[in-house]
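Student: Please take a close look with me at a single part of this model, a patch on its surface, and then set that part in its surroundings. I would like one connected explanation, with each term explained as it comes up.

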Amino acid sequence: VLAELIEKFVSHLSESRTDCYFSTGSYKVMDADVQKENLSSVQQLGVEMTVRYGKYLNLLKEDAESGLCFVLMNCEEFLKQQQRTVASSLCCLQEHYPGYDWFASSIFLIMSGDREKTLMFLQQFSCLLVSAFLWLPRLHLSMHLPVTTVEYGIHPVYFCSAHYIEMLLKSELPLVCSAFHMSGFTPSQICLQWITQCFWNYMDWSEICHYIAICIFLGPDYQIYMCISVFRHLQQDILKHTEA
């Protein structure tokens with residue numbers, strides 16, 4: 001039901017010019033047989049984890065691995081069309097996105113391992129503003145960002161979402177905010193980890209689906225409210241650990 005709902009919603013929005021924030025150009029899906037060996041070691045490890053998790057949730061069949069590799073390779077090629085070339089020694093500014101694509105993997109699971117539906121959804125989704133915040137590889141070296149922003153190598157999720165999370169935390173949960181300052185690191189660091197991983201390894205699968213759906217339906221600012229609500233939920237634990 002969720003797969004059908006987000007599919008129809010995104011399809012509807014992507015047909016409206018006022019809702020399309022990014023231009024996507026045209027892309028023809030590669031038909032080549034994609035092997036896991038074509039991916040980087042980080043991606044290979046991510047594929048293994050995703051397939052294992054998908055089978056545990058009874059969402060994927062035995063042949064799911066090749067389907068996920070197919071999706072990841074096509075996403076990389078599709079997004080490459082919208083990248084700048086930047087001369088930099090920073091590892092985060094090399095041609096390939098340095099991490100694993102947790103968002104594309106989440107959509108693959110939501111679509112029950114259907115590679116065509118997943119790719120179609122991601123291509124349409126990439127037009128929308130919310131894609132910049134939910135799908136981190138979307139803006140890797142992106143031509144949609146100013147050159148100076150790209151050269152700094154800092155993702156907009158960090159200087160937008162994480163910045164507002166810290167601002168809200170000060171007014172909404174001052175004790176949690178103080179606890180973080182005493183610990184010597186910032187709430188934005190843990191939030192960036194949560195957001196980058198789509199809350200994998202932090203939330204149950206149904207909650208991960210709720211997070212993705214809420215942000216798609218209600219807007220990217222709900223990413224910020226979600227993180228604040230998690231901190232509110234964890235407040236007593238955080239304060240207990242601070243005292244200890």
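Tutor: A patch is made of residues with over 30% relative accessible area and no salt bridge, where nonpolar side chains (Val, Leu, Ile, Met, Phe, Trp, Tyr) are joined within 5 Å and like charges within 9 Å. On the surface of this predicted model, Tyr152, Ile154, Tyr158 and Phe159 form such a nonpolar patch, and together they have about 430 Å² of accessible area (Shrake-Rupley method, 1.4 Å probe, with only the protein chains shown counting as cover for residues). The model is predicted, so local features need pLDDT of at least 70 and side-chain atom pairs pLDDT 80 or more, while totals for chains, interfaces and linings use all residues. Residues are numbered from 1 along each chain as its sequence is written, and side-chain values use heavy atoms, with hydrogens and water left out.

Within the patch, tyrosine 152 belongs to helix H7, residues 147-152 (helices are DSSP runs of H or I with at least four residues, strands E runs with at least two, numbered from the N terminus). Tyrosine 152 counts as exposed because its relative accessible area is 62%, where exposed means over 50%, buried under 20%, and partly exposed in between, with a 1.4 Å probe and protein chains only.

For the surroundings, an automatic or database domain assignment divides the protein chain into domain 1 (1-143) and domain 2 (156-243). The contact, meaning heavy atoms within 4.5 Å, takes 25 residues from domain 1 and 21 residues from domain 2. The C-alpha centres of the two domains lie 24 Å apart. Between them, domain 1 and domain 2 bury about 2,000 Å² (accessible area, 1.4 Å probe, lost on being put together and summed over both), and 85% of it is on carbon and sulfur atoms. Of the area that domain 1 buries against domain 2, Trp102, Phe133 and Leu134 supply 31%, more than any other three residues.

Salt bridges, each a side-chain nitrogen of Lys or Arg within 4 Å of a carboxyl oxygen of Asp or Glu, number zero between the two domains, although the whole structure has six. One of them joins glutamate 172 to arginine 232, with the closest N and O atoms 3.1 Å apart. Glutamate 172 lies in helix H8 (residues 156-172) and arginine 232 in helix H12 (residues 221-243), so this pair ties together parts 60 residues apart in sequence. Glutamate 172 is partly exposed at 41% relative accessibility, and arginine 232 is partly exposed at 46%.

Conventions: Buried area is the accessible area (1.4 Å probe) that two parts lose on being put together, summed over both.
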